[in-house]
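This report describes selected packing and surface features of one protein chain. Please keep the sequence and the structure at hand while reading.

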Amino acid sequence: MEPAVVCRGVSKHFRKRAQRDSGRTSRASGFSLARSEVVKAVDSVDFSVAGGEVFGILGCNGSGKSTLIRLISTLLLPDAGDIAVFGCDVVRERMAVRRLINRVSVEASFYKKLSARENLMYAARLYGVSPADADARARHILGELGFPAGRMNDSMTDLSRGMQQKVAIARAFLSSPILLLLDEPTTGLDPRSKRDVQRFIRYLVESHDATVILTTHDMDEADALCDRVAFIDEGRFVAVGAPAEHKARGGGVASLEEVFIDLTGHGLEEEQR
């Protein structure tokens, strides 16, 4: 069976402006110049994800998780390496890839003055889903997520952060993607909303045979949802395996977070540059 996602030698670098160097000046203007440095957001990453698998990518803020998701979703171009989604190259066949995927991010954006239903109906038209099918599908998905049916016509500005994130997940699944990219989908949610979202992810995989790539820094979430987990640190994968395999590194009694600290030398709450 063909893998859902294959990444080989994938790298992405950004040029970051550093502090001004008082020792360097422009001959023309006499002003001090700002130095820049190259930051390796993703650094020679190799992995594959099987169809129907929930693959977790765990790391600190700034470790490269979101950049990797953007590369897979064709929002960024890799500087090196290759990425294929169900055999389609993300650079040469990006439109074919976009028809197979959808993405939910922690900073999901909406038309804030429109209602939840209006946002979903607008998205459905972009996906080519008929209004009748979209309305039925949206109500079903939001119901599975624990979204109150009576709030569908409320403006997005009147909805809580948790409700907005549930609308974002419903919007992503309207197109019935076979690969769902979830970039920290439960960050900032209250415990009940987090459980609703996690339960829906399990439902998607079990009932629709969807493949999921999930980024998070919540070790309990990764332990509960993921078939395999990759620890990412400074743009590199430092370990890949099932949660039980990771915990076996600590004699079977260590938590995923303890294993992560042992491998990287720092905790998940630290932010990498």
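The text below covers the nonpolar cores, then a helix residue and a surface patch. The model is predicted.

**Nonpolar cores**

The largest nonpolar core contains 50 residues, and L120, F147, V167 and F231 have the most contacts inside it. The element that gives the most to this core is helix 5 (residues 161–173), which supplies seven residues. Another core, of 26 residues, lies apart from it; V42, F55, I83 and V97 are among its members.

F147 touches several residues beyond its neighbours within four places in sequence: A116, L142, M152, L159, M163, K166 and V167.

**N119 and Y111**

N119 belongs to helix 3. With neighbours within four places in sequence set aside, N119 is in contact with F110, Y111, L114 and M156. Between the C-alpha atoms of N119 and S155 the separation is 9.5 Å, although these positions lie 36 residues apart in chain numbering terms.

Y111 sits in the loop between strand 6 (101–105) and helix 3 (116–127). How do N119 and Y111 rank, buried or partly exposed? The table gives the values.

| Residue | Relative accessibility | Class |
|---|---|---|
| N119 | 3% | buried |
| Y111 | 47% | partly exposed |

N119 counts as buried because its 3% relative accessibility is under the 20% limit. Y111, at 47%, falls between that limit and the 50% above which a residue is exposed.

**Surface patch**

Y111 also helps to make a nonpolar surface patch of about 510 Å², together with L114, Y122, L126 and Y127. Two of the patch residues, Y111 and L114, are contacts of N119.

How values were computed. Residues numbered from 1 in each chain as written. Predicted model: local features only at pLDDT ≥ 70, side-chain atom pairs only at ≥ 80, totals over all residues. Heavy atoms only, no water. Patch = residues over 30% accessible without salt bridge, like charges linked within 9 Å, V, L, I, M, F, W, Y side chains within 5 Å. Areas by Shrake-Rupley, 256 points an atom, 1.4 Å probe, with all protein chains shown as cover. Salt bridge = Lys/Arg side-chain N within 4 Å of Asp/Glu carboxyl O. Helix = DSSP H or I, 4+ residues; strand = E, 2+ residues; numbered from the N terminus. Buried < 20%, exposed > 50% of the residue type's maximum accessible area, 1.4 Å probe, protein only. Core = buried A, V, L, I, M, F, W, Y, C linked by side-chain atoms within 4.5 Å. Contact = heavy atoms within 4.5 Å.
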